[in-house]
Structures are given as C-alpha cells and as structure tokens.
Amino acid sequence: MSVLDEVFILCALGALVLFVFHRIRGIEKLAVVFYAALLYLLIKMSGLGYGGEVIYSSFSLNILGETLQWRFDAVSWFFAIITVASGLFSAVFMSGKWGESYREKTSNAAYGTLQIALLLNVNSMLILLASGDLLSLFIGWELVSWASFMMMALNPDKQARQAAIKYIVYAMAGAMAFLAAMAYVYGITGSLQYAELAQASAALSNGQIILLSLLFFTGFAIKMGLIPFHLWQAVAYAETPAPGAVFLGAISARMGLYAIIVVLIQLIGLGHLQQIHIPFTFWNLQTVLAWVGALTTIIPTYIALKQNDARHLLAWHGVGQGGYMLLGLMTLNSLGSAGGLLHVFNYATYQAALFMTIGAVIYRTGTANFDKLGGLVTQMPLTFMVMVFSIIGLAGLPPMNGFVSKWMVYRSLLLDGEPLLFVAAVIGTLGTILSVYKLVHNTFLGQLRVEHQNVREAPLSLLIPMLVLAAIMFVTGMMPGLVLDWVASAQLAMGLVPVTYNLGGIVLASGGLDMIWITLILFYGLGVGAIIFYLLGGRAKRVHQYDNYAGGHFLTSRVRYHYSHNFYAGLMHLIGGWYRGSFKKLEQAIVSLVSLLSQLSENMYRSAQPAMMVIIVVVLSLWSISGGIN
Amino acid sequence: MRNISSLLFSGGLAFLLLVLATQLPFGHTSMLLGNDILQAAPDEVGTGNIVAAVLLAYRGIDTLGELAILFTAAASVGLILGQRSNHSAKRDKTITESHFITSRASDLMMPLLIIVGFYIIFYGHLTPGGGFQGGVILAIAFFLPVLTRPGTTIDHGMITIIEGLAGAGFIMIGLWAMLYGKPFLQPFFDTFLGNGIFGSLWSAGTLPLLYLAVGLKVGAELAGLLVTISEAPAAEVERT
Amino acid sequence: MTMPGIEVVFYTGAIGLIVIGMAGVLMVKNVFRMLLALVLLEAGASLLLILSGFRETGVAPILLSGHAAGQLMNDPVPQALVLTAIVIGVGIQALALALILRIKHRYHSLDMGEIREQMEHDIAVNSGVVSPASAQSPEPGGHHHG
Amino acid sequence: MDNLILVVILPLLAAFLMPAMARTSEVLARVTGLMVLFISIIIITSVWGSVDEQAVSYAIGGFRPPMGIVFYIDQLSLLFALLIPVMILLFWPWNKVTHIREYSLMMLLTASASGLVLSGDLFNIYVFYELLAVASYGLVVAQGRAGKKGEGAALAASLRYLILGAVGSVMMLIGIAIIYTQAGTLNLAHLALLAPEKLNNMAGLSAFALILIGVGVKAELFPVNTWVPEVYGAVSTRLSALMAGLLSKLAVIVIIRVLVLLFPQPEALQLMTILGMLGVISGELVAWRSRDMIRMLSFSSIGQLGLVFVAFSIPGDMGLMAGFAVALHHLLVKPALFMLASGWTGPLESLKGAAKQSPYIAALFVLLVMSLLGVPPLPGFWAKLLIVVNLASQAAPVYQFALAFVLIATVIEAAYLYRVVMILYHPNQGQQASVREKHKAFELVIASGAAVILIAVALQVQSMETKLSSMARQTGDRQHYINTVFSKLDLADIYHQNKVQQTDFRSNNQLQGSK
C-alpha cells in the first residue's frame, strides 16, 4: 500500500467520521487533526517536490475497457500541499470562536454541515489531483464542482443562493465541454488514457487540435473564471461562510489551472500550442490563451475596484489573479511558467489571509460593507497588520512573496518580447493596487464609526492562522527558493525546462533576483531612516484618530467622517464609461434565448394537433427516405 | 392556415404512399408464409377453412390477444360509463313506448338470430364464418330487444360471467394441451374428441371448442358494450 | 409491372381511404367526426393489409367449396390478420365513443379546442398551479343547451 | 422454460375471471391478481439461470416457426419479463376504493407487456401493443386524480391520447402491411433472414419509419409525445410512474428488436437519432419552464426517452449497451422521482423549505436527481458516458449534432433540477408548508429502494457492465436469433426454399457486424 492509498483511506475515514458525528460539539478539533494528518501524509510524499518518482495508488477500476487509476506526480503534489494547507488553515480558523458564533447563529447541524462541506472539498480535490487518466480526471472534476456547490449553497442569503445556482449551471456547462472533449478524444484514439492521447496528439490535424483545445479550455476556463466565463465566480465565492471563502478563494478555482497544465501542456503538448495558427488570424493557440489570461487580469480587477463589499472585492481579485497564473504559464518558458506556478502558492497564502481578516472583521462588526466600516486600525491592530502584509503581497510589492511571482511573469514577458502583454499585466496590477488601497483604507483607516467603539481585536483562534500565514508570506517572500524547489519539480513533470534558482530567488543570465538582498536592503534602508530620525531628535506628535480634518472642516468627535462611498469618484469619471456590462448582457441574452426556445417548444407541445405531428413526421421521413435512396 | 397545411401534408402522404405502392409487388406477392400454411394446414390442423386454421391454430395467441383487447375495451367502457347507472332510470321516462311492429319483429328475429349465430360459430372451421362473425350476430340478437323496447335491460352480471367464462375457456383449452406436455394452444386430436373426419363438424381437434369460446366471448363483449353505451346518459347529449 | 391490373384500383382505394381519414383527423374540430375519420383511416389500413395477400387469380382459401384442383388460393394469413385488426379497431372505437359521451357530459362541448382548454385548466388546478377559484369551466350540470 | 408462457397467460386468465369472481367473493378477486403476479415472478426466477449466452425459443401451439408464432426468450426479454410483474406489484393500486375492473386492467397490462417483450412475431407484437395501449387508456380514465375535480382532465387526456395512439397504430399497421407485401412473412427470425434481400430498400425504410412512429407514441418519441404532459398531469403519480418508467421502455425494446433484426440501413438509425435529439432538447427546454413538479418530471421524461433513442441509434453493440444502460437507469430513477413528487404537489415555489420538514425525502430526491443528471460516480454518469463516448466515435455528422444536443440539454436539465433542489433547501418555509400532503409509506419505500439500487449499482459498476454488454451482444446478434428460432433442419429447408445462399447471408451478416 502506497502513501497515496493511505491518503485516500484517511479521506474516506474522515468523511465517514465527520458525517456520523457532525452534530457533536468538538468535531472541529477532530477536523483539525484530520487535516494535520493529511498534511503529514503529504509531507511523507514530499520527495515529489524534490524530483521524486511518481507515486501510484493501488486502487484501480476497469470499466468500458478503460483502466481508471490514480497517481501523484510533482504537479499534483504541489497543488495538493496547497490544498491541504488551505484546508488546515480554514479548519483552524473555524475551530475556535468563529465556530462558536456560527453555531449560535445557526445550529450544531449547520456547523457540522459546513465542516463536511470543507472536508468534501479537500477530498474531492485530492481525488482530482491524483487522477491518472481523462476519465478519473473528469470524475474528480465533477466531484470538485459538486463539493463547491455544497459549500456555496450553505449560505441562506438570497443573493448567495442565486450565485450558487448560477455557479452550478456554469460548472455543468464546463463539465459538458470537458465531456465533449473527452468523448472526442475517445473517438480519435479509442482510449482515455493520458499516454494514448499524448501519443496520438502528435498525429492530429490542426483542426482537431484546435477543436480539442477549445473544448478542453472552455471546460477548464469556466472553473477558473477566465474571460468570458468570469461572471459566476466572485459572487459565489464571496457569499460563502468565511472559512469556505478562505478555502475556495485560496485554491478551488486553481483546479482549472491544474487541468490546463495536465491536458493542454502535458498531453496536447507545448509544441502544438505554439505551432498551431488559428485560421484567418495571425495568432497561434499560445497567444490566444495568453491574451485570455491578460484580459482576465484586467477586467475582473477593475470590476473589483467598483465593489462595495470587502468579500466581493477580494473574490473579484481572485478571478483576476487567475489571469496572471495563466499568463505566466502560457509564456511556456521556464521563467514565466515558474512564475505562474509560484503565483498559485503565493496567491493562496495572501488570499486566505485576506479572507480571514475580513472574516475577523465580520466576526467583530457583523458587516463587510465598506459604507459601514472604517477606522478599525485602533481596535484590531494585528488584523490590520496581517491585511497590510497581504495586500503588499497581492499588489506584488517587495518584500512579500507576491512580488517574486509577478516579477517572474513580467520579466519573462519582457524577455519573450511581448510588450503588449506586459502592458496588459501592468494595467492589471495598477487596478490591483488601487483596489487593495480601497480595501485597507475603507476597512481600517479613517475615523472609527460610533457603533464600532467597543470592537476588540479578533480572538486568538482567528489571529493565529492569520499570523502564521503572514509569516509564511514573508519567509517565502524573502526565500522563494523554498517553494521554487517544488515549482521546479513540477515544471520538470510538465515537460518544461525548470527554472534556475537559489534560495534567495532566480538566477538569470540577464540579471536575476535575490530576495534576501532585497529584503536586507529594505530593512537596511528602514533602519538607516530610523537611525537618522532618532538621531535628529525623534520628535513625533501623537495625533488622535479623530483629530484630523477633511475638506477644510474640522470635525468633532461626535460627527465621524470617513470617506468611503464612491471611493474613486475622480477615476470613475475617467474610466466609468468603460463599464458596459457587456458580458452580463451576453449572459442575459443567452438566458433569454433559452427562455424563448423553451416557450416555443412549450407552445408546440400545447397546441400541436397530435395527429398533425404524426403526419408531419411520416411525410417528412418518407420524403427523406425516397429522396435518400432513389 | 391549419387546414391548408393539413391538406398539404395529406396530399404529401397520398403522393408518397402511391410512390411507395408502385414499388411494392402487389398482386404478385411472394406468399412465403401463405403457401406453407396452405400446404400444411389440412394435415396439421384439419380445417376446411384455412383462415380459421390461421386464426385459431397458427396464430391462436393473436386471437387471444384480440379477445383480451375487446375485453379491455368493454371493461374500460364499463368503468367510464358504469359509474352513472343511476341516470338510466331517469332517462326511461323521457322516451316513448316502443312500437308494436318493431317489438314483435325483434321477438321473431331473436331465435332466428341465435340459431344463425351458433351455426356460423360451429361451422366456422369448415365454411366462411367463425366465432367473430357468429359472436356479433349473437350480440345483435340480445341487443335487438334493448333497441326495440326501451326500458329493457340486459343483466350485466350475466354478461360479466359469460365473458369471463368464455375467455377463461379459451385459455383453459390452451392450458389443457400443456397438461399433456404439449405447447400451449396446440389443437390436439388424440384424446376424447378423436381426430374426426376432415370436413365434418367433429374435426380439427379442439378448434370448434375454441371457436365456441370466441363466439360467446365476442357476443358477450359486444352486447355489453352496446348496452352500456346505449344506457349512457343520452339525455345530456346535445340534441339541438 | 407491365400492365396495371385490378390491384391498382384496390390499392388506390386503400391509400385514398387512408389519406381521407388522415385529413379528416387533422381538419375536423368535432371529436365525434374525428372518430369517424379514424374509422376511415383504419378501414384503409385494413384494406392495404388484406391486399398484401392478394393474388390476381386466387380464390378464397377454403378447401371444401369445390374449387378446381389447380386453382391458386389467396394468402389466408392477411385475412386472419385483418379480422384481428378490425376487432381491435372496434374495441378502440367503442372506448373512444364512451369517452366522447362522458366528455360531452362533463365539458358540454365536442370541440377539440375547447376540450383542450378546459382540460389544461383542470390539470393546472390539479397540480395546484392555478387556484380552483379562477375556474373558467362551468360547473358540471350547471349548464344546459336547448 | 415451457412454463414461461404462463406469465402471459395467467394474468389474462385472471383478468377475464376477476369481474366474474368479484360477484361471489370480492376479496378473492382482489387477491387473485397479487397471486398471479407472485407466481409470474417465481416462474421467471426459476428459469433465470438457464438463459445466458444461448437464447431459447418457444413455439406456441407447436407449429413450425415461420408458420406459427414463437416467443423468443433471451437475456433482454427475460429481464423485462421479470421487471414487469415486479413493477406492477410495486405500483399495484392497493386501496379499497379501486374498482375491480381496474385490477383487471392492471392484469391485462401485465399480460400484454410480457407478451410484447417475449413475442417473436411482428403482428403478434402489434396485437400485444394494442392491448397495452387499450389497457393504459382504460387505466388513465380509471386512475384520474382521486379529487373529482380532475376527472374531466383524465377523460379528455385519455381521449387525446387515444386518438394519437390510434393514428399511430394505423401507421404501424400500414408498416406491417408493407413488410408483409415485401417479404411475405411475419416471423421476426424469418424476416431477419430475408431482410438483407427484401427489406433493404425504400419500402423497408418506409415501413420502419411507420412502425417507429406507431410504437413511438408509447415510447414518448418526439413528436408523437404530446400526450405525455396531459396524461401525467391528469392521472395519479402511481400510474405516471408506471407509464414513464416501464411502459415507455417496453415500446423502446420493441423498436429495438425490429430495428436490429429487420432494418440494417444506417438511414433508419439516423432517423431515430434526429427524432431522439429533438426530443431531448425540446423536453428539457419545456421542463425548464415548468411550474410544478409533475409537469417538470413529465417533460424530463420526454427528454430522457429522447436520450434513450439517441443511445439506441448508435450503430453496433456499443449503442445497444448504451441504450440499455440509459433505459434501465431511467426505469429505475423516474418512477422513484414520481413517487417523491406525489407528496410535493403545487407550484414549485410552495415547496420552499420542504427539506427542513422532511430531510430524508429531500436527500433521496437529491441523490436521484444527481444520478439523472449523470454525476459521477452514480450509475447515471456511466450511462451518459457510454452515450457520449460512442456518439463521438461515429463518423456521420448527425451523431456529432446529437452529441452537442445531449450536452446542451444536460446543462438545461442541471439548471432546472438544481433550482428545485435549492427551493427544497430554502431556509424559509413556504406559505403552504403546513397544508402539504404527506408522502405515503409505499412511495417512500419505492424511492428508497431505487436509491439503494442506485448505490449498489454504483459500487458494482464493473459487473453491471459485463452483464449489459453480454445482453447487448446477444440482442445485436441477428444470426443468433435466426438460429435459435429455427432448428438446423428448418434452417436448411428455409435456405433452400427461399433460394438464399447460405454463404451470401453470412457475408451480409459479417458486413453488418463490422459496421
């Protein structure tokens, strides 16, 4: 029995135990132990992260002449460790005070259901990551979709429920595109094994490759929320209960990226992506996908800018960050793809931390609406600190880890001579910086609202996972080599040239990156500044939070003022016209079309003279028969 | 619009069926099955009327199914109309007395019809005719009084019992063969009926018995159907 | 086919019956007439079926009627089939007639369109989508003609 | 094996005698039907093991096959012969108000259904099909919703159903007439022997089209399925479950038998594909708009039957296997869903929070719905996968269109089914929650049983696959059918008589196999 078998057995056991005891208090401790054990098993497999052999499960299933099998390679392991770690952090987050308040608001059973939903999400993702052929990939894919649906449906809010339904329709559409592609593969090769497809793909015609890639990509893109399928994700993720949002936001959508790696890069092959030109255009497949990534970095990020709810803002960002990962991957060179993969890890850390801070804010204040927040920095300083760390990461500034991965993507775009893509990525980052500033300002800065005067710092059970995450962000930011080990192994498994790196960063002929130096210099600069400041006397004046003014008016402590509504009025004046909601309209158009067709069919069933139908069919078929044969 | 398209499609059907018909070997059919049966039937079944042999022997289960359909239809009609039998009493007052000539004529006709009916049933395996035709005549014989003398009713219980027993009889004859280890519905000769002489009444094994069952069943079903429909609350049917 | 024989008349007749029946089922609104059209349709189909055993020089398949020895007989099978088909048809027609009687009693109409509308309303009431209060159909027995 | 004919005969006998028996002892009459069903089940289970790779035929009346009527017993017909009494028993109208004639009709339904799957003669199939049709017209009227308000609906729906069915059966009769004129025989095995020579032409195809339309009425084939929402809306869910679950599949089986044995032309298959895919898409589209559960399930049933037709229209054994998988899956799931729907009448919005009221039932509903949608690892997924994968490996463009239609329809299906699930799990109770009917015990038993079978099949999917593929292979093997019905002597005789060269036919068969 391999370690992978142990993982599956543990998953099954965990699900069973949790299902049986989900109403009992203390189940949360058990869940934490479960994720920790899972993490331990993954660490036992950590050889994969350092160029180890592929680990096979001894489970397999023979059906339809296909052998379904499950295995872990470096790519799967890389994603799995992020998955399980996110699960562990969410579980810890919800095990303490947050869980108690959730129980009070709902019920023991509801809390247990949330735990089950989280566990099913983790389990289904592990099954997906372990898949060893297209069929098991599809099964895992569907399981992940239904598990996330379960998570999303937990929120009783109307908007959340609508989002969940929208999600499931999108997910089903994606799954069907995937299924179609799979069937097509079967039609060509007569098999669903990875090896067969990899072998056959060399001999496929261009048209077949384009069709296959499009179908597969559509399926995966829907899960990732890539343009033009970005509409469902943000609302659905944002509206789940906080630990769910942490988990879904951190890793769930990245399953699409994993599938893209497996199918498009590993199986259909890099060569095809680069060589195949789309008819009537001057693009090849790689460019198209890269531009999808680039547009995804821009559009959802600017939609995030307009959000007035912290969770929605973050979730929209999540969609946009997916674009970076795809963009990095689609450079198909060692630096860019390493950047894309590294971004998966980095993004998971700061997105989880951000959702946790918002969760803590909601836990204390009951809202995430920007219009009702502000000035919390004095009440929740540690939470504020975590958020600052995270948004530095999200915006891609040193010394946090986000900087490393984004730098790698930019750098590879420049080296590849793709200035337009580079500009697009920069525009995206600009949007990110604007909106994370909005986030931190509207939540923590400014004057504290009257009703929040008694708000205290988040409880320890919430703070611990946040602080640990912040530490990880910092450490991996300073020493990206820790994660680049795994990334390089994954790259090797993908068939790419692994990036050259050292503990501090990237080694490049044309100027690498060493984060240890950068961090040291940063602190050195800070230190020098501090020394100069204190040498000069260190004169500082403490200003009370309310002791400021706006628009030339001095405000009293009774009239609180915090500028949060319509935050970027000036900017919106400039770019507001660009928000046309075209995709929304497209979506509505499709719904109207279906509804119209449905009405037509209903009318047909209603008013059809039954006998008329008989004769129409008989005459038409006789006609076609006589025409077809004579 | 609907009429035009209906006509169009009907015309299309006519045309296509005609085209189809020109391709079929009408009048010169291969008759694979027919020839076989024509050759084998006199020896295998021993009927003079080969159609009867097909109907009761070669395709006996078809006939059983057909009886079942008739029975089903009668049962369904009973379900649909039977629930309102209290209306029939009301109806009677509205209809005038029967006429002398019709009622007497029907009295005279009835025994004749019964005799003709049974004749046709019993000679069904020898001459044109048989259980269906005879059964219809029997049904008419019993339905005639209902028509000519409004107010007369036929005992539904009697009909139920006859149709049940006749149908069961048909099946029992079939099962009888199975008792002797033969396939269901085999017309067999060598027990107490004897083989009979070809062309005489007692020939063709169990076939005459089957025809009797068919005749009684058809007669009972049809009579039941006709009576039930005639007893329906006709007064409420539009008379304008 | 060298010269069209008598069978041409027969099968033209059969097809004619089928098409007239079909057109009738399609075009009339009165359900009773629809039933009559159905009878025509079935007659046409039966005729077509019995024609499938037709032989130009054939005689009835009855051995005791003193045909000349060499004479070919018609196919007995379709004749048996048609007998079955006719009886089946009778059963169905009787059932339809009973239904029409009851529907007339219930909905006070023989028009297919009106029957359909009332039926749809009743189904909607059944399934609870429409409340019974908004009934369009007159109560049974509450409406008399003549 | 010879006793197997009793599963057709005994119910008929019981049906004939029940009204007469009821005049002496009502109780006896009521018990008879159940006893007959039990006996049928015992008879079939006793011969269950003896039919595997080698099918068996039974000549009724002991006449040589092309002349007499034969029953053909293979894995497929035996499976359905077992399913029929079992399903009828499950949906038996137990209550005391049931008229004795209704029991009689149920017995006739059993007999005709068994005859339909066992029969090996074209006209005999027609007779049993008509019997099935007439019995179901009768049941529709009899089982009109217990609330007398809906009685008129049952009558009108039944009449409309009857007219459509009658027109359909006339079409079938015309088809049979054409076949008889062409080939001069009615025995399916004999026809199968002659088909490559006699029916492989325009007349044969037309006959198939006519039979397809005729039998398609019962099989809910587009577009002769307009009766479906009307009838299911008007009758009790018990009967809807029986009709949507069992009777429609029987009609499909008949079409498949005829298609496999008589019509080797690809055009016949493609005609079925087109009608099937139109059924899938139109059914799911209307179900999407439906405002109550029964109507939704009716249209979903149309869609699923369309899927069955699409599956069966794939040439070769794989198509048959896919078809069996979908058909059996639908046979299992749809009745169970109808059973659950019977407690959930009224507009869908009124079901808000039903899951809170009855969590077990809602969980059952979700499980069944997931399987219907084809969520792995439930059996519905494997069935759908079989279809999709085999559609994609066909070269003819119509199959590619069918694939697209099936996938799009699945998305629509997911949209409306999950809308219902969300309504069930709505946090707020709807207004009518208190007046909602309660589910009856037998309904829950049936639905739970279906769920248990679903899970069992999901766990045993490999052995199910072997069984289905063996069934499909046997059903698809024309030569096997011919050899089973005719003894070797007869066969030589027939080859001689029909001047069909044995070698010729073999080569034809091989062509068939390699296609």
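Helices here are DSSP runs of at least four residues, numbered from the N terminus, and with that naming in hand the tour of this predicted model can begin in chain A.

Select residues 334–365 of chain A, which form helix H16. At 1.5 Å a residue, these 32 residues should span 46 Å, and because the end C-alpha atoms are 46 Å apart, the expected and modelled lengths agree. Colour the helix by burial next: 30 of the 32 residues of H16(A) are buried, so the rest of the structure largely encloses this helix. Step just past the end of H16(A) to Gly366(A), the residue that follows, where phi is positive, near 85 degrees.

Now show chains B and D together, where 47 residues of chain D are in contact with 48 residues of chain B. On the chain D side, the elements that give two or more residues are helices H1 (6–24), H4 (100–118), H5 (122–142), H6 (151–183) and H8 (202–216). Of these, H5(D) gives the most, with 12 residues, and the residues of this side divide into 30 nonpolar, 13 polar and four charged.

Finally, turn to the largest nonpolar core, which has 590 residues, and select those with the most contacts inside it: Ala183(A), Val487(A), Leu95(C), Leu368(D), Ile387(D) and Val406(D). H6(D) gives the most to this core, with 23 residues. In chain A, domain 1 (277–499) and domain 2 (583–629) both give residues to the core, so it lies between them. To end on a single residue, centre on Leu368(D), which, leaving aside residues up to four places away in sequence, touches Val333(D), Ala336(D), Leu337(D), Ala450(D) and Ala451(D).

Technical notes:
Residues numbered from 1 in each chain as written. Chains lettered and ligands numbered in written order. Predicted model: local features only at pLDDT ≥ 70, side-chain atom pairs only at ≥ 80, totals over all residues. Expected span 1.5 Å × (residues − 1). Buried ≥ 20, exposed ≤ 12 C-beta atoms within 10 Å, placed from the backbone. Contact = placed C-beta atoms within 7 Å. Nonpolar A, V, L, I, M, F, W, Y, C, P; charged D, E, K, R; others polar. Core = buried A, V, L, I, M, F, W, Y, C linked by C-beta atoms within 7 Å. Domains from an automatic or database assignment.
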